[in-house]
Amino acid sequence: MGYDFGTVLIFLIIAALFVGVSLVFGALVRPKRNEPDKATIYECGERPIGTARFNFNPRFYVIALVFIIFDVEIALTYPVAVVFKGWLKEGMGGIAFVEILTFIAILAAALAYIWGKGNLEWMREIKEKDTHK
Amino acid sequence: MDRWDGGDMKELAEWVIRDLFSKNPDTWQYTWAIYLAGMALAAVICLGFVAVFAGPVTWVERRTAGRIMSRIGPNRVGPQGVLQWLADGIKNLLKEDLIPDDADKPLFRLAPYLVFSGMFGTFVVLPFGANLIAADLDIGVLYLMAVTTLVVVGLLTAGWASNSKWALYGGIRSAAQLVSYEVPIAFALLVVVISTGSLSTQAIIKAQGGWPWQWFVAKNPFTFIAFFLLLTSAMAEGNRIPFDLPEAESELVAGYNTEYSGMRFLFFLFEEWANLWIMGAITTLCFLGGWQIPGVSPEKISASSGWTFVGWQLLSFAIFAAKVSWIVFIVIQARWTLPRLRVDQLMSTCWKYLVPMTLVCIAGVLFMDLYIVQGGITDKIIRWIMTLLGAAVIVLFFLRARYNYKMDKDKYPGLRNEKMWYPPYRMP
């Protein structure tokens, strides 16, 4: 166990080292001529208007929330899925089947709920009741 | 000198300690050094493999693109242009490194590290052959999903730190896309986990067999569908056309890597092409039998010794690489065949089609596992039907390609003299 996760650590370190070393090596061989125009943001060749720190569309935020809910559910389903085969051999396949199916049904219900609420729609129509007057 | 009986890298390290240093691995004080050396060796070999795969595959992709678009593609550097990737790499190394003044500099520099580490971390659990794996983690599949998320963090960091509107849009879109498609991938892998009863990648392969009807793709209709769902979602996860919205060049210039240049830019592309192997390897190990050699059981491979053992390893690697290359080629071909989706279509494809379908697949596989005895007559009939169906899909693929070629040839006079097949060493 220790060896396995040690390998993971070493892999991540070697990957970072590879990036770092090639960037340092590149710094030795590549030219460096500073010009103010080069250091501007690319905005189709024009001078950039403002920065990219502006209010952003909240649709992405909703997608991220939906994802987190599903991801947690997935993390909880995996252990049950792993033991399913063992339970099947012990003759308790029916119980495991019903358990996982309940889980899947809850997930499907969540999906149907989000779908019904319209959170999966990219373009949302603003309903009369949503607007505050 | 007792022989190394084909375990994992840890056993290899222990064998080195016992036989080359004549020490007991449990008590020797330098055991950790040998372990570290073993891990570093595995990492360096994988790194070399990634570089040697990701480089030439860019050339393959560009030549394929040329062929599909009736043009030539890079053919100048080296015979048939095979060294094009080296030329590109050297050029990128020599290019000036630009960091915009308005960028968030520490984060801007950090992003390539995150992206590359996230990509390279998956190689810990990706097997290359019967015993060729860096570390066979118990939680392999879960680890795969966890470590690839690092790429999302990297892309988001790159997009935000650039302080450019194009990059910001690209980064946010890519985050939304990658997290969304992780859900169908996780569900499709769940189908495999249910069929195997383990999360370890080697255990998943060993639960299948060498022949096509022993693969998970042919196990039952639901795994057959899950295979295509996994392939589709993996293409989205790898930012490949038709799902390459984060870097849609016609709308976002280059997406999250707009402000990057030189080596830093290269690492994003490196990640993208290395991802092709990862995506192919995951689909292969989960559904296409991995490295299993037809007619040779894994026990027989571990029981062999000496050069026979090495031979089996190389053969299993060749089989695995052939299957992965085939998937990679399909993905490359899809890139030059299909148009790009729109961003709202992308999201609805994931949440409204792929996720419900994978949920149905899970329920179906559970049901089939419960009522169909493995190795029974019903199981055999289903496997044979699914194998024939798979073969039919492949035949249809070739017929379709031939039909398109013939149709185009009749329509466009410029194609009259184009042959359908050139030997790879004598392409135009």
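**Figure 1. The second largest pocket of this predicted model, with a lining drawn from both chains.** Start with the walls: helix 1 (2-29) of chain A contributes at least two residues to the lining of the second largest pocket, and so do helix 2, helix 3, helix 10 and helix 12 (306-337) of chain B, each with at least two of its own. The space inside comes to about 720 Å³. Altogether 27 residues line the second largest pocket, and those nearest its centre are B:Gly55, B:Trp85, B:Asp88, B:Gly89 and B:Leu266. If you like to sort a lining by chemistry, this one divides into 17 nonpolar, five polar and five charged residues.

**Figure 2. The contact between chain A and chain B.** Chain B brings 89 residues to this contact and chain A brings 67 residues. Together the two chains bury an area of about 7,100 Å², and carbon and sulfur atoms give 77% of that area. Four residue pairs are in polar contact between chain B and chain A, counting pairs with both residues at pLDDT 80 or more. On the side of chain B that touches chain A, two or more residues come from each of helix 1 (9-20), helix 2 (31-68), helix 3 (84-94), helix 4 (105-121), helix 5, helix 6, helix 10 and helix 13 (343-371) of chain B. The largest share of that side is 19 residues, supplied by helix 6 of chain B. By class, the side of chain B that touches chain A holds 60 nonpolar, 12 polar and 17 charged residues.

**Figure 3. B:Asp97 and its two arginine partners, A:Arg30 and B:Arg264.** Which residues form a salt bridge from chain A to chain B? The side chain of A:Arg30 meets that of B:Asp97, with 3.7 Å from N to O. One salt bridge is found across the interface of chain B and chain A, while the structure as a whole holds seven over all chains. Within chain B, the side chain of B:Asp97 also meets that of B:Arg264 in a salt bridge, at 3.0 Å from N to O. This second pair joins distant parts of the chain, since B:Arg264 sits in helix 10 of chain B and B:Asp97 in the loop between helix 3 and helix 4, 167 residues apart.

**Figure 4. The largest cavity and the helices of chain B around it.** Searching the whole structure turns up four cavities of 30 Å³ or more. In the largest cavity there is about 260 Å³ of space. Its lining has 19 residues, and the closest to the centre are B:Thr148, B:Ile185, B:Glu237, B:Asn275 and B:Ile282. Four helices of chain B each supply at least two residues of this lining: helix 5 (140-161), helix 6 (165-196), helix 8 (221-237) and helix 10 (262-287). Which helix gives the largest share of the lining? That is helix 10 of chain B, with six residues. By class, the lining of the largest cavity has 12 nonpolar, four polar and three charged residues.

**Figure 5. A close look at B:Thr148, a residue of helix 5 of chain B.** B:Thr148 is among the residues closest to the centre of the largest cavity. A polar atom of the B:Thr148 side chain lies 2.9 Å from the backbone oxygen of B:Leu144. Where does B:Thr148 make contact once its neighbours within four places in sequence are left aside? The partners are B:Gly118 and B:Thr122.

**Figure 6. Two loop residues of chain B with positive phi, B:Gln80 and B:Asn163.** B:Gln80 lies in the loop between helix 2 and helix 3 of chain B, and its phi is near 60°, a positive value in a residue other than glycine. B:Asn163 belongs to the loop between helix 5 and helix 6 of chain B. For B:Asn163, too, phi is positive and near 60° in a residue that is not glycine.

Technical notes
Residues are numbered from 1 along each chain as its sequence is written. Chains are lettered from A and ligands numbered from 1 in the order in which they are written. This is a predicted model: local features need pLDDT of at least 70, side-chain atom pairs count only at pLDDT 80 or more; totals for chains, interfaces and linings use all residues. Side-chain values use heavy atoms; hydrogens and water are left out. On a 1 Å grid over the protein atoms alone, a cavity is a set of points where a 1.4 Å probe fits but cannot get out, and a pocket is an open set with protein on both sides within 12 Å along at least five of seven lines; lining residues have an atom within 4 Å of a point. Grid points are joined across faces, edges and corners, and a volume is the space filled by probe spheres set on the points. Ala, Val, Leu, Ile, Met, Phe, Trp, Tyr, Cys and Pro count as nonpolar, Asp, Glu, Lys and Arg as charged, and the others, Gly among them, as polar. Contact means heavy atoms within 4.5 Å. Buried area is the accessible area (1.4 Å probe) that two parts lose on being put together, summed over both. A salt bridge is a side-chain nitrogen of Lys or Arg within 4 Å of a carboxyl oxygen of Asp or Glu. A polar contact is a pair of N or O atoms within 3.5 Å; within protein, one must be able to donate a hydrogen and the other to accept it, and residues adjacent in sequence count only if both atoms are side-chain atoms.
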